[in-house]
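Subject: Structure for you to look at

Hello,

Please find the structure below, with notes on what turned up in it.

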Amino acid sequence: MSSSDLRHTALDALHRSLGATMTDFAGWDMPLRYGSERDEHNAVRTRAGLFDLSHMGEITVTGPQAAALLDFALVGNIASVGTGRARYTMICQEDGGILDDLIVYRLADTEAGLRKYMVVANASNAQVVLDALTARAAGFDAEVRDDRDAYALIAVQGPASPGILASLTDADLDGLKYYAGLPGTVAGVPALIARTGYTGEDGFELFTAPEHAEELWRALTEAGAPEGLIPCGLSCRDTLRLEAGMPLYGHELSTSLTPFDAGLGRVVKFEKEGDFVGRAALTEAAARAQENPPRKLVGLVAEGRRVPRAGYPVVAGGKVIGEVTSGAPSPTLGKPIAMAYVDASHAEPGTAGVGVDIRGTHEPYEVVALPFYRRQK
């Protein structure tokens with residue numbers, strides 16, 4: 001796909017003026033890096049980084065039965081989410097396979113007093129999720145609306161991010177809990193201020209109108225300059241989430257895995273009222289996981305310098321015991337790391353004799369518990 005065929009965010013011209021290396025990501029022309037990936041990664045770990053995440057897919061669900069629709073369409077208990085809070089959940093196929101992992105925000109009620117939700121899907125799955133929610137809305141008094149063009153999304157992540165954002169808003173950031181969002185203004189720009197994050201650091205996501213995106217980006221850049229904030233691309237976002245042990249759709253999650261296969265069965269809420277798509281298959285998957293534990297997602301830390309990549313076999317005793325799902329050099333650990341699904345018998349941290357087959361050579365790796373990195377609070 002040529003650059004002219006790709007979708008562009010409201011910040012496209014600004015990224016290019018900053019010298020960003022651009023890449024095709026899920027049909028969007030996105031900044032991969034602005035300079036050194038390592039410098040961008042370390043800035044988020046120690047100071048702050050600024051990300052354009054406008055490729056994410058926002059879908060608004062409103063109406064008298066909005067909560068009932070989402071409880072039927074998703075595996076989580078969405079009706080129990082309080083106003084201003086967010087929940088991590090998944091949308092599954094009838095056979096239990098994961099279509100996508102999502103964050104659902106319960107926004108302030110509409111003027112008519114109806115519940116209002118925003119479902120945020122991964123860029124690569126936004127249309128799939130929209131189509132599934134639209135189809136599953138049949139019979140419910142609820143509206144599913146594609147709002148991907150209604151929002152730009154800017155994230156500021158890192159230990160300095162609360163102070164940077166506080167200098168630009170009078171919103172109560174101290175009272176804004178993890179997995180919550182509140183409406184406010186940032187540098188005079190209206191925004192939904194959320195606190196979820198995908199880096200392992202504290203940080204905020206700012207949903208705003210596309211026409212305000214550049215003004216907001218520049219204000220954050222100026223306010224963050226004394227704190228060492230720099231623009232960051234998708235490349236360091238991937239190494240940050242890998243160190244934090246966070247799954248990425250298409251790597252740790254897919255339609256061939258149920259939430260129980262992915263070690264995320266906790267997101268499936270069987271106790272909620274009524275049926276939901278995939279309930280029967282997921283009930284069976286939960287029982288299977290109890291009787292015969294599936295492969296478990298673990299961390300692998302290299303003893304050498306060779307970097308494992310997705311799809312590489314994990315081996316022990318001359319047999320394949322798993323597969324790498326994500327791998328990269330870790331700037332924080334100073335070693336190559338990977339996440340992999342391995343047989344339960346080899347999943348305990350410290351299990352000896354485990355390696356990764358890298359082009360025919362079995363490189364030794366240490367099995368460790370996830371995450372590789374946990375911030376000090």
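**Cavity**

The largest cavity has a volume of about 30 Å³. The model, which is a predicted one, holds one cavity of 30 Å³ or more. Its lining consists of P31, F51, D52, L53, C232, G233 and L234. By class, five of these lining residues are nonpolar, one is polar and one is charged.

**Second largest pocket**

The second largest pocket encloses about 360 Å³ of space. It is lined by 20 residues, and those closest to its centre are L107, L182, P183, A191 and L192. Two or more lining residues come from each of β7 (98-107), β11, β12 and β13 (203-208). Of the elements, β11 gives the most, with four residues. The lining of this pocket divides into 11 nonpolar, five polar and four charged residues.

**A187 and the loop after β11**

A187 sits in the loop between β11 (181-186) and β12 (189-194). Its phi is positive, at about 55 degrees, although A187 is not a glycine. Most residues other than glycine have a negative phi. With a relative accessibility of 28%, A187 counts as partly exposed, because that class runs from 20% to 50%.

**The C-terminal part**

UniProt lists residues 295-373 as "domain: Aminomethyltransferase C-terminal", in an unreviewed entry. In the model this span is 0% helix and 56% strand, and its end C-alpha atoms lie 22 Å apart.

Two backbone details are worth a look here. R359 also has a positive phi, near 50 degrees, and is a residue other than glycine. R359 is found in the loop between β19 (354-358) and β20. Is R359 buried or exposed? At 69% relative accessibility, R359 counts as exposed, since the cut-off for that class is over 50%.

The other detail is a peptide bond: the one from L370 to P371 is cis, with omega near 0 degrees. Most peptide bonds are trans. P371 lies in the segment after β20 (361-368).

**A three-stranded sheet**

An open sheet of three strands has the order β1-β3-β2, and its pairing is mixed. The edges are taken by β1 (7-8) and β2 (21-25), each with a single partner strand, so one side of each has no neighbour in the sheet. β2 and β3 (residues 28-33) run antiparallel and are joined by five bridges. One bridge partner to look up is M30 in β3, which is matched with T23. Strands of a sheet pair through backbone hydrogen bonds, either parallel or antiparallel.

**Helix α3**

How many of the eight residues of helix α3 are buried? Six are, so helix α3 (residues 66-73) is largely enclosed by the rest of the structure. The cut-off for buried is under 20% relative accessible area. The buried residues of α3 are A66, A67, L69, L70, D71 and A73. They pack against strands and a helix: β5 (57-62), β6 (86-92), β7, β8 (116-121), α4 (126-136) and β9 (143-146). Of these, β7 is also among the elements that give two or more residues to the lining of the second largest pocket.

Regards

Conventions:
Residues are numbered from 1 along each chain as its sequence is written. This is a predicted model: local features need pLDDT of at least 70, side-chain atom pairs count only at pLDDT 80 or more; totals for chains, interfaces and linings use all residues. Side-chain values use heavy atoms; hydrogens and water are left out. Buried means under 20% relative accessible area, exposed over 50%, partly exposed in between (1.4 Å probe, protein chains only). UniProt positions are given in the numbering used here, feature names are shortened, and annotations may be inferred rather than shown by experiment. Two strands pair if DSSP finds at least two bridges between them. On a 1 Å grid over the protein atoms alone, a cavity is a set of points where a 1.4 Å probe fits but cannot get out, and a pocket is an open set with protein on both sides within 12 Å along at least five of seven lines; lining residues have an atom within 4 Å of a point. Grid points are joined across faces, edges and corners, and a volume is the space filled by probe spheres set on the points. Ala, Val, Leu, Ile, Met, Phe, Trp, Tyr, Cys and Pro count as nonpolar, Asp, Glu, Lys and Arg as charged, and the others, Gly among them, as polar. Contact means heavy atoms within 4.5 Å.
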